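Visitor: Please take one part of this model and go through it closely for me, namely how its secondary structure elements are arranged beside one another. I would rather have one connected account than a list.

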Amino acid sequence: VSALLVIGMIWAETLGSITTMLGLLSAGIALALKDPISSIVGWFHINSAKLYSVGDRIEIGGVKGDVIDISMLTTSMIEIGNWVDGEQSTGRLVKVPNNWVFTKETFNYTQAFPYIWTELAITITFESDHRKAVEIYYQVLREVVGNLPREVEQAVRRAQEKFLIHYRNFDPIVYIKIADSGVNLIGRFLVNVRQRRSMESKVFDLLLNEINATPEVELAYTTY
């Protein structure tokens, strides 16, 4: 009997050590696989919640790009922005872990409709005819955007079937603001998400031509 008790105690101690070892091993494995597992869960969340799809332009965790692949662990994008202005492509391939969707903000440029608002500001002198300048700015914006507001209006109607979107005004607008060195004119208008830089360039080109041909309006600049 004594021998059996001794053997039992030894086995109990051994099993306790094995259990402890297995517990530590399981905890270590769980810790090591935390990111991959959460990325797989993120993949399911991305697809089930339709956060974004291949072809969408997104920003997540400060990284912007066009989605080209969504694997179980990572999302691959062609990067935009960074050192390139106008949110144009840098040509770099960037991969982000899918678990970022749980910890970082995700912006989708194109899911609802592929248009965004952009703003361009110019400053004219206090002596300029600001009403004439606003008229010129409106004329330029209407020429550049063309029929785009009506296209956006139709796209919003389609998007409202899935999203709670309330846009009423799709036409360009020019705001006026007093600045230290003159009067700021801020043009706000809709552009296709992938044509932002080209449309902004057209606006500035036409604006410069019109302002140069209008003696009543003069661009301002900071002097010291």
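Guide: A helix is here a DSSP run of H or I with at least four residues, a strand is a run of E with at least two, and both are numbered from the N terminus. The model is a predicted one, and the strands are a convenient place to begin.

One open sheet has three strands in the order β6-β8-β7, paired in the antiparallel sense. Its edge strands are β6, residues 115-124, and β7, each of which pairs on one side only. Averaged over neighbouring strands, the turn of one against the next in this sheet is 25°, with direction ignored. On one side of β8, the antiparallel pairing with β6 runs over 10 bridges, while β7 (residues 173-178) and β8 (residues 183-192) pair, also in the antiparallel sense, over six bridges. The residue Val-183 of β8 ties these two pairings together, for Val-183 is the bridge partner of Ile-124 and also stands opposite Ile-178. The chain passes from β7 to β8 by way of a hairpin of four residues. As a general point, the side chains of a regular strand alternate between the two faces of the sheet.

A further open sheet contains five strands, in the order β4-β3-β2-β1-β5, and its pairing is antiparallel. Because β4 (89-97) and β5 (106-108) each have a single partner strand, they stand at the edges, and one side of each is left without a neighbour in the sheet. From one strand to the next, the twist of this five-stranded sheet averages 35°. The partner of β4 is β3, residues 74-80, and these two strands pair in the antiparallel sense over six bridges; within that pairing, Ile-78 has Leu-93 of β4 as its bridge partner.

Turning to the helices, a packed pair is described in general by the angle between the two axes and the distance between them. Helix α4 (residues 130-145) packs against helix α6 (residues 196-212) at an angle of about 140°, and their axes are 9 Å apart. Since only angles over 145 degrees count as roughly antiparallel, α4 and α6 are therefore described as oblique to each other. The crossing of α4 past α6 is right-handed.

Finally, there is helix α2, residues 34-48, to which Phe-44 belongs. Phe-44 is also part of a nonpolar surface patch with Ile-40, Met-72 and Leu-73, and the accessible area of the four together is about 340 Å².

Conventions: Residues numbered from 1 in each chain as written. Predicted model: local features only at pLDDT ≥ 70, side-chain atom pairs only at ≥ 80, totals over all residues. Heavy atoms only, no water. Pairing = 2+ DSSP bridges. Patch = residues over 30% accessible without salt bridge, like charges linked within 9 Å, V, L, I, M, F, W, Y side chains within 5 Å. Areas by Shrake-Rupley, 256 points an atom, 1.4 Å probe, with all protein chains shown as cover. Salt bridge = Lys/Arg side-chain N within 4 Å of Asp/Glu carboxyl O. Axes fitted to C-alpha atoms, helices over the stretch in contact; angles between N-to-C directions. Parallel < 35°, antiparallel > 145°, perpendicular 65-115°, else oblique. Left-handed = near helix turned anticlockwise from the far one by under 90°.
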